[in-house]
Amino acid sequence: MSDYNQYITSINKIFDYLAKMKAGWNNLDNLNYIESIEEYKQTVINNADTFKNTKVEKKSNKASNLEALGND
């Protein structure tokens, strides 16, 4: 599994657990804490896209740094 896929899986688990806690708890303080964490969801998604694009750029840079072999 790639680093990107592990990142996405972990983030999905975190927000899944938060949703389960939110559904199971009725304490207003705890619900407010969960909502404050959920405010970062879009930021995390945007960073996942950045993480994915960074990995693609690194691969393309490695490929472009290779010297072509030919008849000398």
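K41 is a good place to step into this predicted model, and K41 belongs to helix 3, which covers residues 41-65. Helices here are DSSP runs of H or I with at least four residues, strands are runs of E with at least two, and both are numbered from the N terminus. K41 has 41% relative accessibility and therefore counts as partly exposed. On this scale buried means under 20% relative accessible area, exposed means over 50%, and partly exposed is in between, using a 1.4 Å probe and protein chains only. The charged end of K41 sits over the ring of F15, 5.3 Å from the ring centre. That description applies when NZ of Lys or CZ of Arg is within 6 Å of the ring centre and within 35 degrees of the ring normal. K41 also has I11 across from it: the two are 30 residues apart in sequence, with 9.0 Å between their C-alpha atoms.

Before going further, a word on how to read the model. Residues are numbered from 1 along each chain as its sequence is written, and side-chain values use heavy atoms, with hydrogens and water left out. Because this is a predicted model, local features need pLDDT of at least 70 and side-chain atom pairs count only at pLDDT 80 or more, while totals for chains, interfaces and linings use all residues.

Now for the overall layout. The protein chain has three helices and zero strands, giving the pattern α-α-α along the sequence. Of its 72 residues, 11% count as buried. The mean pLDDT, the predictor's confidence in each residue from 0 to 100, is 81 for the protein chain, and 74% of the residues reach 70 or more. Among the elements, helix 2 has the highest mean pLDDT, 93, and helix 3 the lowest, 72. Where pLDDT is low, the predicted coordinates should not be read in detail.

Let us look inside next. The largest nonpolar core has five residues: I11, F15, L18, I34 and V44. Helix 1 gives the most to this core, with three residues. A nonpolar core is a set of buried Ala, Val, Leu, Ile, Met, Phe, Trp, Tyr and Cys residues joined through side-chain atoms within 4.5 Å. V44, one of the core residues, is in contact with Y7, I11 and F15 once neighbours within four places in sequence are set aside; contact means heavy atoms within 4.5 Å. Y7 can also be located relative to K52: their C-alpha atoms are 9.9 Å apart, although 45 residues separate them in sequence. K52 is in helix 3 and, with a relative accessible area of 42%, is partly exposed.

What about pairs of aromatic rings? The structure holds zero of them. To pair, rings of Phe, Tyr and Trp (its six-membered ring) need centres within 6.5 Å; planes under 30 degrees apart count as stacked, over 60 as edge-to-face and the rest as tilted.

The charged side chains come next. Side chains of opposite charge can pair when their charged atoms come close. The rule for a salt bridge is a side-chain nitrogen of Lys or Arg within 4 Å of a carboxyl oxygen of Asp or Glu, and by this rule the count comes to three.

One of them joins K20 and D16, with their closest N and O atoms 3.5 Å apart. Both residues lie in helix 1 (residues 3-24), four residues apart, about one turn of the helix. K20 counts as exposed because its relative accessibility is 54%, whereas D16, at 38%, counts as partly exposed.

K22 takes us from one helix to another. The side chains of K22 and E35 meet in a salt bridge at 4.0 Å, N to O. E35 lies in helix 2 (residues 28-38) and K22 in helix 1, so this pair ties together parts that are 13 residues apart in sequence. K22 also meets E38 in a salt bridge, at 3.2 Å, N to O. That pair links distant parts of the chain, with E38 in helix 2 and K22 in helix 1, 16 residues apart. Together, K22, E35 and E38 are linked in a network of salt bridges. K22 is partly exposed at 32% relative accessibility, E35 is partly exposed at 38%, and E38 is partly exposed at 25%.

Which residues does E38 contact, leaving aside its neighbours within four places in sequence? They are F15, L18 and K22, and two of these names, F15 and L18, also appear in the nonpolar core. The C-alpha atoms of E38 and A19 are separated by 9.3 Å, with the two residues 19 apart along the chain.
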